[in-house]
Amino acid sequence: SQVLACGWVDCYRNHGGVLFLDLRDRTGLVQIVVQPDNPALFATGETLRSEFVVAVSGVVRRRPDGTINANLPTGEIEILAQGIEILNASQTLPFEISQYSHVSEEVRLQYRYLDLRRPRLQRNLILRHKICQAIRAELNRELFLEIQTPMLTKSTPEGARDYLVPSRLNPGSFYALPQSPQIFKQILMVGGMEKYYQIVRCFRDEDLRSDRQPEFTQIDIEMSFADESDVMILTEKLVAAAFEVATGKKCRLLMRRVTYQEAMDRYGSDRPDLRYGLEITDLSEILKDCQFQVFANVLKSNGIVRALRFPEGGSFSRSEIDNLTQFVIRLGAKGLAWMKFTAAGAESNIVKYFTPAELTAIAAAAQAKEGDILFFAAGPWKGALSILGSLRQELAKRNQLIKDKDQFEFLWVTDFPLLEKDEKENRWSSMHHPFTAPQAGDVALLDSAPGKVRARAYDIVLNGTELGGGSIRIHRGDLQKKVFGVLGVNEESAKEKFGFLIDALNFGAPPHGGIALGLDRMVAIFLGEDSIRDTIAFPKTQKGVCLMSGSPSPVSANQLKELSINVHKPLTGCSASS
C-alpha cells in the first residue's frame with residue numbers, strides 16, 4: 001500500500017549500495033529502503049544525517065525472509081522509498097538521541113527539546129498522559145466535576161513561601177500563586193458542587209530536591225457528605241487505575257491501614273517503607289531501673305528507649321558502626337549505642353551497665369539471636385523514633401535489602417495528631433493545615449490537652465514515599481474559630497487571612513473532605529525513575545532555574561516602573577551554570 005511517513009532520521013546504513021534508514025516518531029521506528037535504481041532519490045538519501053526531519057513516500061512491503069526484526073513492532077515490514085523530501089536539516093547534536101546516551105543532566109536540561117526525543121522521556125510523558133486520562137475516566141464515572149480554580153489568589157500564611165505576582169492595577173498589592181487550591185475547593189463544596197476534581201498546577205517557593213519542583217502537579221479532589229473511608233476507597237481506585245496503566249499490573253484495593261502512632265512506634269516514620277522488616281522494639285519498661293545513666297536519665301524525663309535489630313549484623317566492623325554513628329549524629333543524635341549478640345553473649349562497651357536479667361530481657365524483646373546487632377536510641381518520643389526510622393532506611397539502603405525493584409507496598413497512615421508544638425516559639429501549629437477537622441471525641445481536648453487531639457487526616461504511602469494526603473475538613477464556623485484560637489490566630493487576623501472561607505462556613509457548609517495526590521511523584525515511582533524531573537516536560541534545576549529558557553530573568557526598567565517596583569540588587573540573569 002502507498003504511504004507517506006514523516007519523522008526524524010534515527011540512523012542510516014549503506015549496505016552494498018542499498019540505503020537503509022530508520023525513521024522515528026513518538027510511536028516508534030520504521031525501516032526505509034532506498035534502492036540505487038533511482039539515482040536522484042538515492043543521492044538525496046545519501047545526504048541525510050541523524051535527526052534530519054524528512055517526509056518519505058513509498059510502498060509498504062514485507063521484509064525478505066531472514067531480515068525480520070522481532071524486537072520492533074514494525075519489524076516485519078519496511079517502506080520502499082519512492083520520494084524523499086527533506087523538511088529540515090539538523091546541526092551536529094550536543095549528545096546522541098539514544099536510550100543509552102550518557103550525558104549530564106545540566107546539558108540535558110539546556111537542550112530539553114533534544115532530550116524529549118529520547119525513548120525513555122517519551123515513554124514517561126506518554127504514560128503520564130495515559131495515567132491522567134485513566135484518573136479522569138474513573139472520576140467521571142463517579143460523577144465528579146472538573147473545575148478550574150484561580151492561579152492568581154491571596155497570599156496566606158500556611159505552608160511554604162508563596163510566589164508573589166505584583167498587580168499593575170493595584171500598586172503595592174500582590175497576588176500569590178496557589179500552593180494548593182485548598183480554600184477554593186472547600187468553597188466549591190459550600191457552593192453545592194458536591195464532587196470536584198482538578199489536575200492542577202501548584203507553586204511553592206522552597207528549597208528543592210530530586211522529588212520537589214517550584215511548580216508541580218497534583219490530583220486534587222474534594223467531596224461533600226463524605227467520611228474518611230469514602231475518600232480512601234475512591235483514592236485506592238484512582239491509584240489502582242494509574243498503577244495498572246503504568247506497570248500493566250493490578251494492585252490490591254483495601255490497602256493496609258496503620259495509625260500514625262503505630263507507624264512511628266514500629267518503623268520510626270509516618271511514611272514507612274514496608275518492603276523490608278527491621279521493626280523497632282520498645283525497651284522503656286525493661287530498662288526503667290537500669291544503671292546506664294544515659295538511658296536512665298532519659299526515662300526519668302518521660303523519654304523513651306527503643307532499639308532496632310539488624311539480623312546478622314554482628315559482622316559489622318567497628319569502622320562501619322562508627323560510620324553509622326556519624327550518620328545519626330548528623331540527624332541530631334548525640335551518639336549511637338549498640339550491642340552485638342554472640343555465642344558468648346552480648347558484647348559492646350555498654351554491656352557492663354546492664355544486669356544479666358536485663359540483657360536477657362532485651363534480647364527476648366528484640367528477638368535478637370546470635371549474630372544480630374541492636375542499635376539503641378533514647379530521647380523524646382518523636383525524636384528518638386525518627387532517628388531509628390532514618391537509621392532503618394539507611395541500613396536497608398546500604399545492605400541492599402530491597403531485592404525486587406518491582407515490589408510496591410501501599411498503605412494508609414491515619415489518626416495523625418491535629419497539632420504539633422513548635423518548641424522554639426512555644427506555640428501550636430497544624431500538622432497538616434488549619435482547616436483539618438479534629439476527631440469528634442477529641443474536640444473537648446482542644447482546651448485542656450491540644451497535643452492529644454487526633455485529626456481526621458490520612459496519608460497514602462508507597463515504598464516509603466508519601467503519594468498524597470488529605471483530611472475531613474472543619475465545616476462549622478464555630479469550630480474553625482476555636483482551632484484558630486488554639487493556633488494563636490486571633491479573630492481579626494483570621495478574618496484578614498481567611499475571611500471569605502470563615503464567612504462561607506456560616507452559610508450552610510456541608511461536611512466535606514478530600515485529598516491531593518502528587519502526580520509527578522506517583523508517575524516517577526511507578527516508572528522506576530529516581531527524579532521527578534524525568535516525568536515533567538520542562539522541569540527546573542534545584543535552584544529553580546530553567547536552563548533551556550534562562551528563567552528567571554531580569555525584566556526591563558519600564559516593566560518594573562509600571563508595577564511600582566524598585567529593585568535594589570543588580571539585575572542578573574540565569575545561565576546554564578546557575
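**Exercise 1. Salt bridges**

Count the salt bridges in this predicted model, then place the pair Arg61 and Glu78 in the fold.

Step 1. The total comes to 42 salt bridges.

Step 2. Take Arg61 and Glu78. Their closest N and O atoms are 2.9 Å apart. The cut-off is 4 Å, so the pair qualifies.

Step 3. Locate the partners. Arg61 belongs to strand S4 (residues 53-62), and Glu78 to strand S5 (residues 77-88). The two are 17 residues apart, and the pair links distant parts of the chain.

Step 4. Check exposure. Arg61 is partly exposed, at 30% relative accessible area. Glu78 is buried, at 3%.

**Exercise 2. A second pair involving S4**

Find what the bridge between Glu76 and Arg62 ties together, and say how exposed each partner is.

Step 1. Glu76 and Arg62 meet through their side chains at 3.6 Å, N to O.

Step 2. Glu76 sits in the loop between S4 and S5, while Arg62 is in strand S4, so the bridge ties together parts 14 residues apart in sequence.

Step 3. Glu76 is partly exposed, with 44% relative accessibility. Arg62 is exposed, at 53%. The limit for exposed is over 50%, so Arg62 passes it.

**Exercise 3. A buried pair and a network**

Are Asp273 and Arg275 buried or exposed? Then list the residues joined into one network by salt bridges that share partners.

Step 1. Asp273 and Arg275 form a salt bridge, with their closest N and O atoms 2.7 Å apart.

Step 2. Both Asp273 and Arg275 are buried.

Step 3. Now the network. Shared salt-bridge partners connect Arg108, Arg112, Asp115, Arg118, Arg120, Arg123, Glu529 and Asp534.

**Exercise 4. Cysteines**

How many disulfides does the structure hold, and why is Cys11 not in one?

Step 1. Searching the whole structure gives zero disulfides.

Step 2. Start from Cys11. Its closest cysteine sulfur is in Cys6, 18 Å away. A disulfide needs sulfur atoms within 2.5 Å, so Cys11 is too far from Cys6 for a bond.

Step 3. Turn to Cys251. The nearest cysteine sulfur belongs to Cys132, at 17 Å, and Cys251 is in no disulfide.

Step 4. Compare surroundings. Cys11 is partly exposed, with a relative accessible area of 25%. Cys251 is buried, at 14%.

**Exercise 5. Helix H14**

Test whether helix H14 (residues 491-505) has the span of a straight helix, and locate its bend.

Step 1. At 1.5 Å a residue, a straight helix of 15 residues would span 21 Å.

Step 2. The end C-alpha atoms of H14 span only 15 Å.

Step 3. Look for a bend. H14 bends by about 100° at Phe498.

Step 4. Map the buried positions. They are Ser493, Ala494, Phe498, Gly499, Leu501, Ile502, Ala504 and Leu505. Phe498, the site of the bend, is thus listed among the buried residues.

Step 5. Find the packing partners. The buried residues of H14 pack against helix H5 (182-190) and helix H13 (477-486).

Step 6. Inspect the N-terminal end. Asn490 caps H14 there, with a side-chain oxygen 3.2 Å from the backbone nitrogen of Glu492.

**Exercise 6. Leu80 in strand S5**

Which residues does Leu80 contact beyond its neighbours within four places in sequence?

Step 1. Leu80 lies in strand S5. With 23% relative accessibility, Leu80 is partly exposed.

Step 2. Its contacts, leaving those neighbours aside, are Val33, Gln35, Ser57, Gly58, Val59 and Arg61. Arg61 is also the salt-bridge partner of Glu78.

Step 3. Add a distance. Leu80 and Gln31 are 49 residues apart in sequence, and their C-alpha atoms are 8.8 Å apart.

**Exercise 7. The whole chain**

Describe the protein chain by its elements, box, burial and contacts, then place Gln393.

Step 1. The chain has 16 helices and 22 strands.

Step 2. Its C-alpha atoms fill a box of roughly 95 × 70 × 55 Å along the principal axes.

Step 3. Of the 578 residues, 46% are buried.

Step 4. Consider contacts between residues at least 6 apart in sequence. Of these, 67% join residues at least 24 apart.

Step 5. Place Gln393. This residue lies in helix H11 (residues 381-398). Gln393 is partly exposed, at 35% relative accessible area.

Step 6. Relate Gln393 to Ile86. The two are 307 residues apart along the chain, and their C-alpha atoms are separated by 54 Å.

Note on methods. Residues numbered from 1 in each chain as written. Predicted model: local features only at pLDDT ≥ 70, side-chain atom pairs only at ≥ 80, totals over all residues. Heavy atoms only, no water. Helix = DSSP H or I, 4+ residues; strand = E, 2+ residues; numbered from the N terminus. Buried < 20%, exposed > 50% of the residue type's maximum accessible area, 1.4 Å probe, protein only. Expected span 1.5 Å × (residues − 1). Bend = angle between axes of the 7 residues up to and from the residue. Contact = heavy atoms within 4.5 Å. Polar contact = N/O pair within 3.5 Å; in protein donor to acceptor, adjacent residues only side chain to side chain.
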